[in-house]
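Let's take a walk through this protein together, beginning inside it and working outwards. Keep the viewer open as you read.

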Amino acid sequence: MLGVIADDFTGASDIASFLVENGLRTVQMNGVPHSALAEEVDAIVISLKSRSNPVAEAIQQSLAALHWLQKNGATQFYFKYCSTFDSTEKGNIGPVTDALLDALGEDFTIITPALPVNGRTIFNGYLFVGQVLLNESGMQNHPITPMKDANLLRLMDCQAKGKTGLVPYAEVIKGAENVKQCFAQLKQQGYRYAVVDAVDNAQLDVLAQAISEMKLVTGGSGLAAYMAKHQAQGKTHQAFVPPKGKTVILSGSCSVMTNKQVADYQQKAATKWLDVEQALTRDDFVEELFSWVVKHLADPYAPLVYATVPPEQLKQIQQKFGAEVASQAIEHTFAQLAGRLRDYGVTNFITAGGETSSIVVQQLGFKGFRIGKQIAPGVPWLATLDAPVYLALKSGNFGHEAFFSQAQEMMQ
Ligand SMILES: Nc1ncnc2c1ncn2[C@@H]1O[C@H](COP(=O)(O)OP(=O)(O)OP(=O)(O)O)[C@@H](O)[C@H]1O
Ligand SMILES: O=C(O)[C@@H](O)C(=O)CO
């Protein structure tokens, strides 16, 4: 059984959706569960909120997840992080990978954020988003993890305790046996991690075969799709779509795509900006947002509350209030608002942004999710295991411009 440790909640639903689409019975648990899993499944995904936490906390959470997965029957482990890496030279991917390797008694793994279906590819160890390098893609302006370097080997070398090598494209296309030999050579030369090039899905398919016996793999969701395909051997599952119901959209992502999605949605529905200054200074601000949302719940399209701003405006806000203070005020406001709306009877939540989605799900307190139909690659509808509530957790840069309306058009 495959046990996945995801460093945020959108990332967890991203990978879970690819596992389900490729035939594995999968459940997503929010945080490390307190009891054993009753259902029989092929894969369990544990969502953590550990991407941007202090490193010791991220390690502690990840190890707790690993131990729970081991106790619940997982035999192969997958550390899922962002397809845009979202981890600067001070980030958690290296230290968490090291801790997981040590706990499993292993000394080698792969680094594979590639997700070609969403334009994330790796060539000569450099991560691309669409046709540009990661550090030219808008991710250099990320509010929490500004990505100023696209070289995965350099990033890992800054973060992790071992050395990082490369399995280049020319070697990957020679097939799985050759890739295994490359791993053996790298290990012999003292490397602990291998970045593996993948410019399209064919290389991920090869890689999935090469790592079928590797205890720990790390990466984005792209590789998981092919691991699932090989394990499920043609099995399929019927994924659900949510029923129509009171719906709200909460957007705390400032990514390039979310900015486009908010702009698109402003043409279609009622939208309201979450002003950081008001979030910081007014006690009744959540109540005001709540009343505004309630007023628009019967509109043809759901109301959207957004903190989303373009890079220049984000810079100004961060300079004025401090990046950390601003983002915490926004996350706190979204969490409180989501709680109020849930109590009021909102059943369908669409959230944008990994941190934002994580805080909302934690606030709503759901134990876990069944995985439904994908709205866009990597963004499924989710049904809570606890109550008739449905969520779509959109990673910052995922989905097309009309994502917010498309998600609602799927409801039956
Ligand atoms: N107007 C704003 N001013 C300052 N900070 C903001 C603003 N809007 C959003 N933020 C903060 O930026 C962060 C965005 O992170 P989040 O993970 O939610 O989105 P993302 O990084 O685009 O998504 P993903 O992690 O899925 O790629 C959050 O902490 C949020 O509170
Ligand atoms: O891999 C991705 O890009 C996403 O699942 C993600 O992790 C966003 O937070």
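A good place to start is helix α8 and its surroundings. The elements that cover the buried residues of α8 include β1 (2–6), α1 (9–21), β4 (76–80), β5 (109–112), α7 (201–210) and β11 (216–219). Please keep in mind that this is a predicted model.

How many residues of helix α8 are buried? Helix α8 spans residues 222–232, and 8 of its 11 residues are buried, so the helix is largely enclosed by the rest of the structure. If you would like to select them, the buried residues are Gly222, Leu223, Ala224, Ala225, Tyr226, Met227, Ala228 and Ala232.

Now step off the end of the helix. α8 is followed by Gln233, which is found in the loop between α8 and β12 (247–251). The backbone here deserves a look: phi of Gln233 is near 45°, a positive value in a residue other than glycine. With a relative accessible area of 68%, Gln233 is exposed, because the cut-off for that class is over 50%.

Another residue with a positive phi is Asp86, which has a value of about 45° although it is not a glycine. You will find Asp86 in the loop between β4 and α3 (93–104). Is Asp86 buried or exposed? Its relative accessible area is 7%, so Asp86 is buried, a class that takes values under 20%. Strand β4, at one end of this loop, is also among the elements that cover the buried residues of α8.

Helix α1 is part of that cover too, and Glu21 has its place in this helix. At 45% relative accessibility, Glu21 counts as partly exposed. Try drawing a line from Glu21 to Lys229: the two are 208 residues apart in sequence, yet their C-alpha atoms are 8.8 Å apart in space.

Long sequence separations also show up in the contacts of the whole protein. Among contacts with a separation of 6 or more, 75% are between residues 24 or more positions apart.

The UniProt record offers a way to divide up the chain. In an unreviewed entry, UniProt lists residues 2–226 as "domain: Four-carbon acid sugar kinase N-terminal". This span is 36% helix and 22% strand, and its end C-alpha atoms lie 13 Å apart. The unreviewed entry in UniProt also places the feature "domain: Four-carbon acid sugar kinase nucleotide binding" at residues 248–404. For residues 248–404, the end C-alpha atoms lie 10 Å apart, and the make-up is 47% helix and 22% strand.

Let's zoom out to the entire protein. Its secondary structure comes to 15 helices and 18 strands. The radius of gyration is 20 Å, close to the 22 Å that the globule rule gives for 412 residues, so the protein is as compact as a globular protein of that length. Along the principal axes, the C-alpha atoms fill a box of roughly 65 × 45 × 35 Å.

Burial, which we met in α8, can be counted for the whole protein as well: buried residues make up 59% of the 412 residues. On the outside, the accessible surface comes to about 16,200 Å², and 49% of it belongs to carbon and sulfur atoms. As for charge, there are 33 positive and 39 negative side chains, and the centres of these two sets lie 2 Å apart.

Key. Residues numbered from 1 in each chain as written. Chains lettered and ligands numbered in written order. Predicted model: local features only at pLDDT ≥ 70, side-chain atom pairs only at ≥ 80, totals over all residues. Heavy atoms only, no water. Helix = DSSP H or I, 4+ residues; strand = E, 2+ residues; numbered from the N terminus. Rg over C-alpha atoms; globule rule 2.2 N^0.38 Å. Buried < 20%, exposed > 50% of the residue type's maximum accessible area, 1.4 Å probe, protein only. Contact = heavy atoms within 4.5 Å. Areas by Shrake-Rupley, 256 points an atom, 1.4 Å probe, with all protein chains shown as cover. Lys, Arg positive; Asp, Glu negative; His and termini not counted. Charge placed at Lys NZ, Arg CZ, Asp CG, Glu CD. UniProt positions renumbered as here; feature names shortened; annotations may be inferred.
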